[in-house]
Amino acid sequence: MSDRFKIRFEPMGLAVAVPKGGVTVMEAAGMHHIPMRFDCGGKGVCGKCRIIPEPAGALSPATETERQVLSPEEAAMGCRLACQAVVRGHVRVTVPEALVDATEVRGKDGVAGVYPAKPFVSRMILPAAPLPEPVDGRPATLRSWMAARVRAETGREVVLTDPHALRQASLPDAVAGETTLVVHDTRGVTAVLPGRRPRSLGVALDLGTTTLAAYLCDMKRGRVLSAASAVNPQRRFGEDVISRIAHADQSESGLRQMQGMVASAVNALIERAAAAAEALPSDVDEVTAAGNTTMLQIFAGFHPGAIGVAPYLPTVREFPDFSAADLGLALHPGTNVHLLPAVSGFVGGDAMAAVLADGPHRRKETSLIVDIGTNGELVLAAPSGLWATSCATGPALEGAQISCGMRAVSGAIYRVEPMPGGGVRCLVLGEEGIRPLGLCGSGVIDAVAVLRRQGVIEAPGRFHPGARGVVCDERGLGTRYVLVPEGDSGSGAEISLSLKDVRSLQLAKAALSVGIEFLMRQAGVDRVDRAILTGAFGARFDWRSAALLGMLPEGAFAGTVKAEDNLAGVGAVMALVNRELREEILRVSRSVRFVELAGDPAFPAHFARATRFPGVEAHPDPPGTARG
């Protein structure tokens, strides 16, 4: 008898085998890279891993968690949660189309252009030369010989101590003719390559919690040649950084597993970007990486556990430089990898990259950078200096843990508009005629703003039970608003906004609003001249809807409001190709003052008040407002 059970995942058409003995469907999907959603990291609270098994008896009985999360209608249909259901026999599981984890990424490939180039790294080509004879009876070495050749050709002194480069120098073909050295100004020679190899490229990485991106750059000219992006494979452990930290804490292999995942994904991105530019990964001489503090620590192989508990300490704020071999990158093993500095456990290198790209510290105006994702990072440049804080906006703003939520990919409702006489119209990402599958974060904000203006949602966050489109329970309490009837959706199920979804948005908007207010108060300003919205989500939502809901306090949008795509990626590119800018952002990061919101005794009361929606009077657009 076989010691394995067979599982067939539909509609993917993928059949896999798993060992007997307590494997959940979620674990089976993870073992074989099946694209499913596990927004809560398998805790059984998000409901996004719903499946329909056949036969039902091939899975363990429903758990109490499933009975609480699944609706009576879903239970009657035979739905289960993949994170709770243990495989006990051969089974076919169907994943609803809206819950298949799409590989599509939006908003990460838009970094392009030419940036001032003054790189740390360059290539040096040495002509062929005869092997050296002993001098004064003392035998030469390959290392001293190469150093002498460099000195003779350029007058420069170079350091050749990197063990990876020395291994390359020891190979027979490295001394047979012309030789190309990759020379880093602080690390010395990082690669020794046979022949003439003049092309010097670099890779800037944007390591997001949800998505990853790589930008291939010409180091001599500062030009972005190509870009590639992908979903962060760590998402299977949860949508937010706390879930990733929890996975690292669960077992000794947790950190190693996640680091290996992101390294493999980065290698694939570098290959794609290189192919698009008709280049090779072996042309890459340096890498920079921006990301939140947790993502950077995992990439570096540092355990992020201390970030997850008070006082939320990162291992370091300024990372040492690594070699590609240290991190599992498929480049020349000595290739330098530089991670941008962090400010705190929750204000990371992505925020500093955004500061480098926008340059608020170089401007006279008061500027606010709002990077909204699964975590909100805020940086305020005021006459008193640079101030930063973070706020737990949660994954609701990227569609996770919303009942019909999804990422901003094809099929997602990204905008909701009012209809004359009541009701709403939903705009969907993707090709014309595509049917909606769910709501992404910007769609959630728009939907609540429209319904709030129409009086369907009341100030405390309740649905008006008599409003058209509101579904009530047996007690007459409004439980959800139907945006798309089941017959009009792409999945055949209705797309609705639930009372719990509204509550999630209230918590997220209160965190962001109070975070901005406290930051402005600490910096001593009551008005922002420039508000810059960035991040995969931040640059794509209608800030007017957010202002209507009280997500952005009035002082924050008193001046110009502009959306900027992926400033973190731009900053990573600038730090890659220009050593002076890299040194600048290091100095700037040391000057930033961090505001700890949780430590302020006034925070809980302000937060509680901010969960209510303000009055529905219109917010006029301030002069100079731009959508970006």
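How many bridges join strand β18, residues 412-418, to strand β20, residues 438-439, and do the two run parallel or antiparallel? Before I answer, please keep in mind that what we are looking at is a predicted model. The answer is that two bridges join β18 to β20, and that these strands run parallel. Within that pairing, I413 has L439 in β20 as its bridge partner.

Staying with β18, we also find it joined to strand β19, residues 424-428, this time by five bridges and in an antiparallel arrangement. P418 of that pairing has V424 in β19 as its bridge partner. β18 and β19 form a hairpin with five residues between them, and in the turn G421 has a positive phi of about 85°.

Let me now go back along the chain to an open sheet of six strands, whose order is β11-β10-β9-β12-β14-β13 and whose pairing is mixed. Its edge strands are β11, at 223-231, and β13, at 322-323, each of which pairs on one side only. The partner of β13 is strand β14, residues 336-339, to which two bridges join it in an antiparallel manner, and here S323 has N336 as its bridge partner. Across β9, β12, β13 and β14 lies helix α8, residues 293-300, which runs at about 140° to β12.

The next sheet is also open, with three strands in the order β21-β22-β23 and with antiparallel pairing. Here β21, at 470-472, and β23, at 495-498, are the edge strands, each pairing on one side only, and neighbouring strands are turned by 35° against each other on average, if direction is ignored. Four bridges join β22, residues 478-484, to β23, and V482 stands opposite S496 in β23.

Which helices lie across β22 and β23? One is α11, residues 441-453, running at about 70° to β23, and another is α12, residues 499-523, running at about 60° to β23.

I would like to finish with the aromatic side chains, for which the count comes to six pairs. In general, a pair of aromatic rings is described by the distance of the centres and the angle of the planes. F302, F319 and F322 form one aromatic cluster, and F322 takes us back to the six-stranded sheet, since the edge strand β13 covers 322-323. There are also charged groups over rings: R149 lies over the face of W145, at 4.3 Å from the ring centre, while R521 lies over the face of F518, likewise at 4.3 Å from the ring centre.

Technical notes: Residues are numbered from 1 along each chain as its sequence is written. This is a predicted model: local features need pLDDT of at least 70, side-chain atom pairs count only at pLDDT 80 or more; totals for chains, interfaces and linings use all residues. Side-chain values use heavy atoms; hydrogens and water are left out. Rings of Phe, Tyr and Trp (its six-membered ring) pair if their centres lie within 6.5 Å; planes under 30 degrees apart count as stacked, over 60 as edge-to-face and the rest as tilted. A charge sits over a ring if NZ of Lys or CZ of Arg is within 6 Å of the ring centre and within 35 degrees of the ring normal. Two strands pair if DSSP finds at least two bridges between them. Contact means heavy atoms within 4.5 Å. Axes are lines fitted to C-alpha atoms, for helices over the stretch in contact, and angles run from 0 to 180 degrees between N-to-C directions.
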